[in-house]
Amino acid sequence: GHATTLIQINDKVFIPDPLFTKTVGMLMRRSIEAGLDPSTLSRIDYTLISHIHLDHFSYGSLDMLPKNGKLLVPLGALRYTPDFEFREIRELTPWDALEEDGVRITAVPVQHFSGRYGFDTPWTRDLGYTGYVIECSGVTVFFGGDTGYHPELFKEIGRRFSVDVAILPIAPIEPRDFMARNHIDPKEAIQVFEDLGATRLLPIHHRSLNQGFDPTPMFPVELLRKVADERGIKDKLIVLEIGEQRVIIDSVSQPSRP
């Protein structure tokens, strides 16, 4: 739910922007229960934080996760990161990559804004947010976090990586004048998907929280399906129910063993 997805590629497990709490900042209440009980997880290899907003960098949710993996945060976010006792906490600058044990995770630039408490926004306006490209066992996944549309950023990511699955936000949409710079809508999500040259699109960031004035909770998904049908890429969509598990790529290369 929201931006939280659990990604498994062979024996590696990744979870970006974990959000399991019933409220965000003690003010915003979830519309739908979290689709995963974090107490059932015995291991997370990499926990990824796209930016430091309360609905993406949830201290309470991180506290619920196993700490036997690594926590990756964007440039400028380390000062906001408590000592959660993860095996390692690393701050990544744009285009910086962590590479180990057959996994490469690259922080890539997106268009959003930062700040966590309001008064700190000017200091971190150009820091504290990122997208990620995960490469493992011949599979490449792009996670967009929160982002507005930029005509060059996603094309550059597409030039540098061969993306199999693009995990992209599609809401909030309205009021569009206010949201446009920082949140792509379904039409723009499809444009990002095409700019990336990806082969599958998995929409996130809808239904779980009421963050705008969209007509209904399902409106962003309905619009995405309509636009995808008009663009002839409806078969590329992977629309999951909250908590649904699905095999997206059923054959990936196995890592070599000594």
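A nonpolar core is a set of buried Ala, Val, Leu, Ile, Met, Phe, Trp, Tyr and Cys residues joined through side-chain atoms within 4.5 Å. The largest one in this structure, which is a predicted model, has 29 residues. Below is a quick tour of that core, the helix α5, the salt bridges and one buried aspartate, D45.

**The nonpolar cores**

- Within the largest core, with its 29 residues, the members that touch the most other members are F142, I157, L168 and L196.
- The elements that hand two or more residues to this core are α3, β12, α5 and α6.
- There is also a second, separate core of 23 residues, and I9, Y46, V103 and V165 are among its members.
- As background, nonpolar side chains tend to be buried together in soluble globular proteins.
- What does L168 touch, leaving aside its neighbours within four places in sequence? Its contacts are F142, I184, A189, V192, F193, L201, L202, P203 and I204.

**Helix α5 and its surroundings**

- Helix α5 covers residues 186-196, and its buried residues are P186, A189, I190, V192, F193, D195 and L196.
- It helps to know that an α-helix has 3.6 residues a turn, so residues three or four places apart point the same way.
- Which elements do the buried residues of α5 pack against? They pack against β11 (139-143), α3 (153-160), β12 (165-169), β13 and α6.
- At the N-terminal end, D185 acts as the cap of α5, with a side-chain oxygen 3.2 Å from the backbone nitrogen of K187.
- After α5 comes G197, which has a positive phi, near 70°.

**How α3 meets α5**

- Two packed helices are described by the angle between their axes and the distance between the axes.
- For α3 and α5, that angle is about 35° and the axes are 7 Å apart.
- On the α3 side, the contact is made by F154, K155, I157 and G158, while α5 brings V192, D195 and L196.
- Sorted by type, the residues of this contact are four nonpolar, one polar and two charged.

**Salt bridges**

- Side chains of opposite charge can pair when their charged atoms come close.
- The count for this model comes to 15 salt bridges.
- One of them joins K22 and E33, whose closest N and O atoms are 3.3 Å apart.
- That pair links distant parts of the chain, 11 residues apart: K22 is in the loop between β2 (12-16) and β3 (23-24), and E33 is in the loop between β4 (28-29) and β5 (46-48).
- Is E33 buried or exposed? E33 counts as exposed because its relative accessibility is 54%, and the cut-off for exposed is over 50%.
- Another salt bridge brings together the side chains of E241 and R207, at 3.3 Å from N to O.
- E241 lies in the segment after α6 (219-231) and R207 in the loop between β13 (200-204) and α6, so this pair ties together parts 34 residues apart in sequence.
- The partners sit in unlike settings: E241 is partly exposed at 48% relative accessibility, whereas R207 is buried at 18%.
- K70, E88, R90 and E100 are linked in a salt-bridge network.

**A look at D45**

- D45 is found in the loop between β4 and β5.
- Why does D45 count as buried? D45 counts as buried because its relative accessibility is 12%, and buried means under 20%.
- The side chain of D45 forms a salt bridge with that of R43, at 2.3 Å from N to O.
- R43 itself is partly exposed, at 36% relative accessibility.
- A polar atom of the D45 side chain also lies 2.8 Å from the backbone nitrogen of V13.
- Setting aside neighbours within four places in sequence, D45 is in contact with D11, K12, V13, G69 and K70.
- Along the chain D45 and G69 are 24 residues apart, and their C-alpha atoms are separated by 4.3 Å.

**E230 and D250**

- E230 belongs to helix α6, and at 55% relative accessibility E230 counts as exposed.
- How far apart in space are E230 and D250, C-alpha to C-alpha? The separation is 28 Å, with their positions 20 residues apart in sequence terms.

Methods:
Residues are numbered from 1 along each chain as its sequence is written. This is a predicted model: local features need pLDDT of at least 70, side-chain atom pairs count only at pLDDT 80 or more; totals for chains, interfaces and linings use all residues. Side-chain values use heavy atoms; hydrogens and water are left out. A salt bridge is a side-chain nitrogen of Lys or Arg within 4 Å of a carboxyl oxygen of Asp or Glu. Helices (H or I, at least four residues) and strands (E, at least two) are DSSP runs, numbered from the N terminus. Buried means under 20% relative accessible area, exposed over 50%, partly exposed in between (1.4 Å probe, protein chains only). Contact means heavy atoms within 4.5 Å. A polar contact is a pair of N or O atoms within 3.5 Å; within protein, one must be able to donate a hydrogen and the other to accept it, and residues adjacent in sequence count only if both atoms are side-chain atoms. Axes are lines fitted to C-alpha atoms, for helices over the stretch in contact, and angles run from 0 to 180 degrees between N-to-C directions. Ala, Val, Leu, Ile, Met, Phe, Trp, Tyr, Cys and Pro count as nonpolar, Asp, Glu, Lys and Arg as charged, and the others, Gly among them, as polar.
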